[in-house]
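Welcome to a short set of exercises on strands and helices. Have your viewer and a notepad ready, and try each task before reading its solution.

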Amino acid sequence: MSSGKTFFDFETVDKKGETFPLSNFKGKVILAVNTASKCGFTPQFKGLEELYQSIQKKEPGAFTVVGFPCNQFGNQDPGSNDEIQSFCQVNYGVTFPVLGKVDVNGDNAAPVYTWMKAEQPGLLGLKRIKWNFEKFLISADGKVLGRWASTTKPESLEETILKEIEKAKKEGTLTGEAGKKEETTA
């Protein structure tokens, strides 16, 4: 879990608290979001799920949202990983991956968040995450392409994400069905 060169070089924890390599998402365009269940922005789970489903219909397998629950802002995600999973599914019908709880700022920040913040600082060059539901767009080859504040509605990112998927198709960085190329892995 040292400094990586792409999003896919990092590991985090899954909903069971076990090591989860982000390379599992390699070849997809990713929207990484630090989430919380008891925040004023929590209704964005609905927008994130709608965005995920909309792009899945247009470009199956090319994109995923990845939720990183975080309790660093106003103690707004105090539940266990199981409680967070249940909340997301029951209240918002979330089907995209929501991983295990992590810190996004400070000495114990998940290394992938330290890296993403360094790659794409926020307004005025600030690296710290300001609040829940900040969003990072990751290319199919693992580079940080953009960062948006909590106030950015997920649905407003669809055109940007679809353009990145088209670019990744041309570059051949999408995998599987989304890449429209033959599977060559053994």
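Contact here means heavy atoms within 4.5 Å. Please keep in mind that the model is predicted.

**Exercise 1. In what order do the four strands of the open sheet lie, and which are the edge strands?**

Step 1. Let's start with the neighbours of β3. Strand β3 (residues 29-35) pairs with β4 in the parallel sense, over seven bridges. With β5, β3 pairs in the antiparallel sense over four bridges.

Step 2. Ala 32 lets you check both pairings: its bridge partner in β4 is Val 66, and its bridge partner in β5 is Phe 136.

Step 3. Now add the remaining strand. β5 (residues 135-138) and β6 (residues 144-148) are antiparallel, again with four bridges.

Step 4. Put together, the order is β4-β3-β5-β6, with mixed pairing. The edge strands are β4 (63-69) and β6, each of which pairs on one side only. From one strand to the next, the twist averages 20°.

**Exercise 2. Follow the hairpin of β5 and β6 and find the residue with a positive phi.**

Step 1. Begin with the bridges: Ile 138 has Val 144 as its partner in β6, and Leu 137 stands opposite Gly 146.

Step 2. Then walk through the five residues between the strands; Gly 142 takes a positive phi near 90°.

**Exercise 3. Are the side chains on the two faces of β5 buried or exposed?**

Step 1. Recall the general pattern: in a regular strand, side chains alternate between the two faces of the sheet.

Step 2. Sort the residues of β5 by side. Lys 135 and Leu 137 are on one side, Phe 136 and Ile 138 on the other.

Step 3. Apply the cut-off: buried means under 20% relative accessible area. All four residues are buried, and both faces of β5 are covered.

**Exercise 4. Place helix α4 against the sheet and against helix α1.**

Step 1. Look at the sheet: α4 lies across β3, β4, β5 and β6, and runs at about 145° to β3.

Step 2. Turn to the helix pair. The axes of α1 (residues 44-58) and α4 (residues 158-171) come within 11 Å and cross at roughly 35°. This crossing of α1 and α4 is right-handed.

Step 3. List the residues that meet: α1 brings Leu 51, Ser 54, Ile 55 and Lys 58, while α4 brings Glu 158, Ile 161, Leu 162 and Ile 165. Sorted by character, the contact of α1 with α4 has five nonpolar residues, one polar and two charged.

Terms used: Residues are numbered from 1 along each chain as its sequence is written. This is a predicted model: local features need pLDDT of at least 70, side-chain atom pairs count only at pLDDT 80 or more; totals for chains, interfaces and linings use all residues. Side-chain values use heavy atoms; hydrogens and water are left out. Axes are lines fitted to C-alpha atoms, for helices over the stretch in contact, and angles run from 0 to 180 degrees between N-to-C directions. A crossing is left-handed if the near helix is turned anticlockwise from the far one by less than a right angle, and right-handed if clockwise. Ala, Val, Leu, Ile, Met, Phe, Trp, Tyr, Cys and Pro count as nonpolar, Asp, Glu, Lys and Arg as charged, and the others, Gly among them, as polar. Two strands pair if DSSP finds at least two bridges between them. Buried means under 20% relative accessible area, exposed over 50%, partly exposed in between (1.4 Å probe, protein chains only).
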